[in-house]
Number of protein chains: 2
Amino acid sequence: MFVILVYDTAVERNPKVLKTCRKYLHWTQRSVFQGELSAAQYRALTTALRTVIDADHDSIVTYVVRSPDLVETATLGVDLGGPGDIL
Amino acid sequence: MFVILVYDTAVERNPKVLKTCRKYLHWTQRSVFQGELSAAQYRALTTALRTVIDADHDSIVTYVVRSPDLVETATLGVDLGGPGDIL
């Protein structure tokens, strides 16, 4: 499945959030990751993130679609994620 | 169609980017908007954004899926967008 993850977490927890996201996804842009994951990998990612964030203050939203073929991605301006992350 | 928009733009252009995005989409989280748009609305949004950003420095990525039914949204921690923006 294809996962887009956006995070809005406190500065002091960002390094751990970034490190966890980087294990599973590609960095797209400031506070955005994306990538293809199995259901098991997605569960592992969200489980790991729950241990890292403060659920009363931080926010992480994931958008999951069955296949990357269902998503059209477009970039206006600079492509920060680099060619490796273009769908 | 369902649109997720993430922006990484210079601070001085953020107000115009935000104002343009708010015309068409709901704010989800820091630098993230989402919503349902017609193809015409999507074109109008991206055309307006192109006039606002500096294409050499700013970056806006849109993810478009045919229907919101194809997207599963999950929130870890705080739901910043408010109940009106939950799918």
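Twenty-one is where I start: between chain B and chain A, the count is 21 residue pairs in polar contact, both at pLDDT 80 or more. A polar contact here is a pair of N or O atoms within 3.5 Å; within protein, one must be able to donate a hydrogen and the other to accept it, and residues adjacent in sequence count only if both atoms are side-chain atoms.

Some housekeeping. This is a predicted model: local features need pLDDT of at least 70, side-chain atom pairs count only at pLDDT 80 or more, and totals for chains, interfaces and linings use all residues. Residues are numbered from 1 along each chain as its sequence is written, chains are lettered from A and ligands numbered from 1 in the order in which they are written, and side-chain values use heavy atoms, with hydrogens and water left out.

Now the interface. Which elements of chain B supply at least two residues each to the side that touches chain A? They are β1 (2–8), β2 (26–29), β3 (32–36), α2 (39–52), β4 (59–65) and β5 (72–77). Strand β4(B) gives the largest share, seven residues. By type, that side of chain B divides into 20 nonpolar, 12 polar and seven charged residues. For the sorting, Ala, Val, Leu, Ile, Met, Phe, Trp, Tyr, Cys and Pro count as nonpolar, Asp, Glu, Lys and Arg as charged, and the others, Gly among them, as polar. Helices (H or I, at least four residues) and strands (E, at least two) are DSSP runs, numbered from the N terminus.

How many residues does each chain bring? Chain B brings 39 and chain A brings 38 to the contact. Contact means heavy atoms within 4.5 Å. The area buried between the two chains is about 3,200 Å², with carbon and sulfur atoms giving 55% of it. In chain B, R30(B), Y63(B) and L76(B) lose the most area to chain A, together 24% of what that side buries. Buried area is the accessible area (1.4 Å probe) that two parts lose on being put together, summed over both.

Let's follow R30(B). It forms a salt bridge with D8(A), and the closest N and O atoms are 3.7 Å apart. The rule finds two salt bridges across this interface. That rule asks for a side-chain nitrogen of Lys or Arg within 4 Å of a carboxyl oxygen of Asp or Glu.

D8(A) deserves a stop. The unreviewed UniProt entry annotates D8(A) as "binding site". UniProt positions are given in the numbering used here, feature names are shortened, and annotations may be inferred rather than shown by experiment. D8(A) lies in strand β1 (residues 2–8) of chain A. Is D8(A) buried or exposed? D8(A) counts as buried because its relative accessibility is 16%. The cut-offs: buried is under 20% relative accessible area, exposed is over 50%, partly exposed in between (1.4 Å probe, protein chains only). Not counting residues up to four places away in sequence, D8(A) touches D58(A), S59(A), Q29(B), R30(B) and L80(B).

Next, two residues of chain B. S59(B) sits in strand β4. S59(B) is buried, at 1% relative accessible area. Its side chain reaches the backbone oxygen of V78(A) at 2.5 Å. Beyond four places in sequence, S59(B) is in contact with residues including Q29(A), L80(A) and D8(B).

Q34(B) is in strand β3. Q34(B) is buried too, at 3% relative accessibility. Its side chain makes a polar contact with the side chain of Y63(A) at 2.4 Å. Within chain B, the Q34(B) side chain makes another with the side chain of T28(B), at 3.1 Å.

Last, charges within a chain. Over all chains, the structure holds six salt bridges. E12(A), R13(A) and D58(A) are linked in a network of them. E12(A) pairs with R13(A) at 3.9 Å, closest N to O. E12(A) is exposed, at 62%. R13(A) and D58(A) meet at 2.5 Å, N to O. That pair links distant parts of the chain, 45 residues apart: R13(A) in the loop between β1 and α1 (14–24), D58(A) in the loop between α2 (39–52) and β4 (59–65). Both R13(A) and D58(A) are buried.

In chain B, R13(B) and E12(B) form a salt bridge, 3.9 Å from N to O. R13(B) is buried at 18%, while E12(B) is exposed at 62%.
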